[in-house]
Amino acid sequence: MLSSARGRLLLFLTAAVAALCGAPAGAAAGATCQAWLVQSIPTDMPHLRRVPGVLSTADVLQWLSGNATNNLDILAQYWQFLAQPKNPKSGDYGYSESDMVRFGVDEGHRVYKALEKAADRKIEIRMVQHSGFAPDYDQESANLAAGRPNVQNVTLIFGDWWGSGVLHAKVWISDKKDVYIGSANNDWKSLSQVKELGIYFTNCPQVAKTVEVYFQNLWTLSTLNATAYTKVVWDKQWQAFRKVPCWSHFLQPEERCRSPLPLSVDIPYVGGYPSLANPEMLDFLFETPGYKRSTREHHLSYLSFAPPELSFDKFQADEQGWVDTIKSVKPGGVVRISTMDWLGQSQYATQTVFWPSLSSAISEVIFSKNATVRILVAYWTHFIPNTENYLKSLLYSNILCTSSKYNHCIGKVEINYYVVPGYNETGPALTQDTATGNRYPDFTRVNHGKYAVSDVRANIGTSNLIWDYFYTTAGVSFGTYKPAIVSQLQDIFDADWYSPYTVPVKPLEASA
Ligand SMILES: *[C@@H]1O[C@H](CO)[C@@H](O)[C@H](O)[C@H]1NC(C)=O
Ligand SMILES: *[C@@H]1O[C@H](CO)[C@@H](O)[C@H](O)[C@H]1NC(C)=O
Ligand SMILES: *[C@@H]1O[C@H](CO)[C@@H](O)[C@H](O)[C@H]1NC(C)=O
Ligand SMILES: *[C@@H]1O[C@H](CO)[C@@H](O)[C@H](O)[C@H]1NC(C)=O
Ligand SMILES: *[C@@H]1O[C@H](CO)[C@@H](O)[C@H](O)[C@H]1NC(C)=O
């Protein structure tokens with residue numbers, strides 16, 4: 001208590017001296033922390049309004065390597081910065097060199113070369129990845145590690161720990177101060193053929209330090225014997241038998257093992273990971289040069305993590321980051337949500353789990369706060385067929401809202417599909433040397449960003465909006481009440497929402 005009060009006094013004095021000398025407040029303790037929103041916009045979308053001051057993913061990933069002087073820690077699902085149009089097993093197969101250039105393949109090359117240079121400069125590089133994607137999606141990290149003792153590559157199989165799931169967080173941490181968190185995979189397509197959204201921090205040790213704990217947790221898991229550290233339990237919250245780490249709060253306290261990871265808040269008499277009343281918040285000043293160079297005002301930020309067994313201290317689970325962002329809306333305000341996938345259930349778990357967490361939060365704010373909630377969901381080649389049932393079910397809230405003359409409910413939910421042109425003509429150009437007629441490589445032409453923004457708070461995530469991503473899969477969100485980030489993210493959403501690339505989802509009719 002005393003020492004923290006003293007710390008604050010010291011901070012105040014330092015700031016006061018800096019202010020007297022006319023220097024920026026942060027200068028005394030090193031350069032100022034800055035944050036920018038980051039996007040990838042697929043080629044051939046001429047009618048999408050560009051939001052000024054937003055950085056490109058390819059630049060940011062290149063800079064994170066280029067600026068590294070000590071270390072680089074990377075969480076990636078898989079690797080394919082270098083395209084493989086000559087590999088018959090690749091979704092790039094059969095496209096000509098000039099096609100590939102037109103698709104923006106050079107961006108991936110540029111990012112890979114910057115990483116390779118960092119490896120040659122003897123930067124300590126650590127990479128944690130999932131594995132098992134065709135054709136050879138962990139080859140690039142293996143190539144970077146080959147013959148370089150300063151580069152370490154490990155694979156972490158979530159199925160061994162949670163029964164299913166993957167390492168799906170996309171995080172780069174450079175020199176314990178520069179960070180990328182967002183939707184972009186380590187894939188050339190994520191730079192120029194898939195729409196992505198993330199955030200880039202420079203000189204922000206507060207953010208880096210916290211994400212680094214999460215990175216280290218994943219790293220530690222990769223060194224442990226999952227068989228010895230997992231149990232199959234009856235999960236009361238989700239009404240399913242499932243495998244979890246033995247320190248999981250889904251186990252009864254007496255059944256739990258001692259966690260090999262830094263501990264998270266433990267609430268007696270409570271099972272699972274309920275929402276925290278006062279989750280850990282990050283209180284640090286940062287500038288937003290891409291929107292407004294600000295302001296000494298304090299606005300709280302946070303990080304949230306999935307699965308909850310990997311959370312630590314009082315940091316909230318990733319689901320709470322999303323739910324609380326929806327619930328942060330002011331009466332009569334607007335919540336904007338952009339996602340690739342949307343399901344009110346699980347996708348990969350053995351037992352199918354029903355998951356109303358986000359749709360409940362949405363219905364709650366449209367009912368009692370008259371909020372408007374706008375949702376963009378990707379429509380693309382690998383669209384999950386029962387998505388539309390869940391979207392229509394959510395749209396039915398509008399009918400329920402006005403279903404009684406005694407309701408005081410004028411909120412509403414509006415849902416559009418986001419359709420990137422060319423989405424229905426993706427795949428390899430050749431199969432067994434026969435032309436397919438496809439115009440773009442596989443797994444392209446899709447909105448892959450994952451974020452929510454109310455009128456006061458933004459949540460920038462890495463998780464698709466399906467149960468598994470919050471309970472069996474690695475994901476991270478950065479969230480903030482900083483008005484500059486909130487406004488610019490709203491603007492990015494509105495550029496998409498009011499573009500010609502959206503189509504309304506039709507509601508169910510009210511029965512007579
Ligand atoms: C370092 O990062 C800054 C932006 O944060 C960028 O302008 C610069 O080009 C980067 N340097 C290298 C060598 O990548
Ligand atoms: C890591 O890289 C080395 C060197 O290329 C390779 O032999 C090994 O298979 C890679 N490990 C993983 C987990 O990818
Ligand atoms: C992992 O743990 C299981 C159960 O304790 C044990 O049977 C197995 O031998 C261990 N595997 C390794 C590689 O240590
Ligand atoms: C929502 O709108 C209704 C109808 O206009 C009004 O009676 C109610 O007070 C509003 N609720 C809030 C929280 O603004
Ligand atoms: C793809 O969709 C566009 C626009 O709806 C349509 O014109 C085109 O014929 C479709 N292509 C295929 C292969 O279905």
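**Figure 1. The two domains of the protein chain in the predicted model.** The domain assignment divides the protein chain into domain 1, residues 5-215, and domain 2, residues 266-504. Their C-alpha centres are separated by 21 Å. At the boundary, 54 residues of domain 1 make contact with 57 residues of domain 2. On the side of domain 1 that touches domain 2, at least two residues each come from strand E1 (34-40), strand E8 (178-182), strand E10 (194-202) and helix H8 (205-223). This side of domain 1 is made up of 29 nonpolar, 18 polar and seven charged residues.

**Figure 2. The segment of residues 163-190 and the loop around Lys176.** An unreviewed UniProt entry annotates residues 163-190 as "domain: PLD phosphodiesterase". Within residues 163-190, 39% of the chain is strand and 7% is helix. The C-alpha atoms at the two ends of this stretch lie 28 Å apart. The loop between strand E7 (171-174) and E8 contains Lys176. Lys176 is not a glycine, yet its phi is positive, at about 55 degrees. In general, most residues other than glycine have a negative phi.

**Figure 3. The open sheet of eight strands.** The strands follow the order E13-E22-E21-E20-E14-E15-E16-E23, and their pairing is mixed. Strand E13 (301-306) and strand E23 (502-504) form the edges; each has a single partner strand, so one side of each has no neighbour in the sheet. From one strand to the next, the twist averages 20 degrees. Helix H11 (residues 387-401) packs on the sheet, where it touches strand E15 (372-378) and strand E16 (412-418). The direction of helix H11 makes an angle of about 155 degrees with that of E16.

**Figure 4. The pairing of strands E20 and E21.** Strands of a sheet pair through backbone hydrogen bonds, in either a parallel or an antiparallel sense. Strand E20 (residues 451-453) and strand E21 (residues 458-460) are antiparallel and share three bridges. Tyr451 has Ile460 of E21 as its bridge partner.

**Figure 5. The cis peptide bond between Ala306 and Pro307.** Ala306 is joined to Pro307 by a cis peptide bond with an omega of about -10 degrees. Most peptide bonds, by comparison, are trans. Pro307 belongs to the loop that runs between E13 and helix H9 (318-327).

**Figure 6. The surroundings of ligand 4.** Around ligand 4 are Pro331, Gly332, Lys369, Asn370, His408 and Ile410. By class, this shell comprises two nonpolar residues, three polar residues and one charged residue.

Notes: Residues are numbered from 1 along each chain as its sequence is written. Chains are lettered from A and ligands numbered from 1 in the order in which they are written. This is a predicted model: local features need pLDDT of at least 70, side-chain atom pairs count only at pLDDT 80 or more; totals for chains, interfaces and linings use all residues. A residue is near a molecule or strand if its C-beta atom, placed from the backbone, lies within 6 Å of it. Ala, Val, Leu, Ile, Met, Phe, Trp, Tyr, Cys and Pro count as nonpolar, Asp, Glu, Lys and Arg as charged, and the others, Gly among them, as polar. Domain bounds come from an automatic or database domain assignment. Two residues are in contact if their C-beta atoms, placed from the backbone, lie within 7 Å. Helices (H or I, at least four residues) and strands (E, at least two) are DSSP runs, numbered from the N terminus. UniProt positions are given in the numbering used here, feature names are shortened, and annotations may be inferred rather than shown by experiment. Two strands pair if DSSP finds at least two bridges between them. Axes are lines fitted to C-alpha atoms, for helices over the stretch in contact, and angles run from 0 to 180 degrees between N-to-C directions.
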